[in-house]
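This report describes one protein chain, beginning with a single residue and moving outward to the whole fold.

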Amino acid sequence: MSLRQRDYILRMIEQLAEAVGRIAGLRRAGQLDEAELLVRTTADGLFGPMRDMLDRLDAAGAATLLGDHEKIGAYAALCAEQAEILGLRGRAGPALAERRRALELHLEAMGRAPDGNPRAQEAARALLGQVDAARLPERYRALAAKLG
C-alpha cells in the first residue's frame with residue numbers, strides 16, 4: 001500500500017471515529033433523525049458514489065468492492081450504528097438484519113487483515129451476543145469461532 005493510500009485510510013478512520021461519537025451522542029439524546037442523517041452523510045462522504053452499491057450487496061460483495069480491511073471496518077461500524085437507530089425506532093427485524101450485516105462485515109475485515117484487525121475483532125465480539133451465530137453462513141461461523 002502506498003503512503004498516499006495509507007494517509008487516506010488514516011484520515012478516514014479519524015473522520016469515522018469522530019462521526020461515530022457524534023452519532024452515538026445523538027442516539028443517546030433521542031435525536032434519531034439527526035443520528036440517521038449523520039450515518040448517511042458520513043457514509044456518503046467516506047464511500048462516495050459507491051455507497052448505494054455497497055448497501056445493495058451482501059457482506060462479501062461489499063467487502064470485495066471496498067477491498068481494504070480498514071474500509072470494510074468503517075462501513076461495518078456505520079452499519080452497526082444504523083442497527084442501533086433502527087432498534088430504538090422499534091424496528092426489531094431490520095435492526096437484527098443490520099446487526100448481522102455489521103457482524104459479517106467485521107468478520108470480513110478480520111479475515112482480510114494481516115493482523116486479524118483487533119478493532120474488527122472487538123466489534124465482532126460485541127455484535128456476536130446480539131446475533132444468532134448458528135444462522136450465519138459457515139464461512140462467518142468459522143471466523144466467529146476464532147474470536148473465542
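## Contacts of Y75

In this predicted model, Y75 touches F47, L54, D55, A62, L66, R101 and L105, leaving aside residues up to four places away in sequence.

## The nonpolar core

Y75 also belongs to the largest nonpolar core, a set of 40 residues. Together with I23, F47, L78, L103, L105 and L107, Y75 is among the members that touch the most others. Two of these, F47 and L105, also appear in the list of residues that Y75 touches.

At least two core residues come from each of α1 (3-28), α2 (32-47), α4 (59-66), α5 (69-88), α6 (92-112), α7 (118-128) and α8 (138-145). The biggest share is from α5, which gives 8 residues. In soluble globular proteins, nonpolar side chains tend to be buried together.

## Fold and dimensions

The protein chain has 8 helices and 0 strands, so its elements read α-α-α-α-α-α-α-α from the N terminus. Among contacts between residues at least 6 apart in sequence, 64% join residues at least 24 apart.

The radius of gyration is 15 Å, which agrees with the value near 15 Å for a compact globule of 148 residues. The C-alpha trace spans about 40 × 40 × 25 Å along its principal axes.

## Surface and charge

Of the 148 residues, 43% count as buried. The accessible surface of the protein chain is about 7,900 Å², and carbon and sulfur atoms account for 53% of that surface.

The protein chain carries 22 positive and 21 negative charges, and the mean positions of the two sets lie 2 Å apart.

Technical notes
Residues are numbered from 1 along each chain as its sequence is written. This is a predicted model: local features need pLDDT of at least 70, side-chain atom pairs count only at pLDDT 80 or more; totals for chains, interfaces and linings use all residues. Side-chain values use heavy atoms; hydrogens and water are left out. Helices (H or I, at least four residues) and strands (E, at least two) are DSSP runs, numbered from the N terminus. The radius of gyration is taken over C-alpha atoms; the globule rule is 2.2 Å times the number of residues to the power 0.38. Buried means under 20% relative accessible area, exposed over 50%, partly exposed in between (1.4 Å probe, protein chains only). Contact means heavy atoms within 4.5 Å. Accessible areas come from the Shrake-Rupley method with a 1.4 Å probe; for residues, only the protein chains shown count as cover. Lys and Arg count as positive and Asp and Glu as negative; His and the chain ends are not counted. The place of a charge is taken as NZ of Lys, CZ of Arg, CG of Asp or CD of Glu. A nonpolar core is a set of buried Ala, Val, Leu, Ile, Met, Phe, Trp, Tyr and Cys residues joined through side-chain atoms within 4.5 Å.
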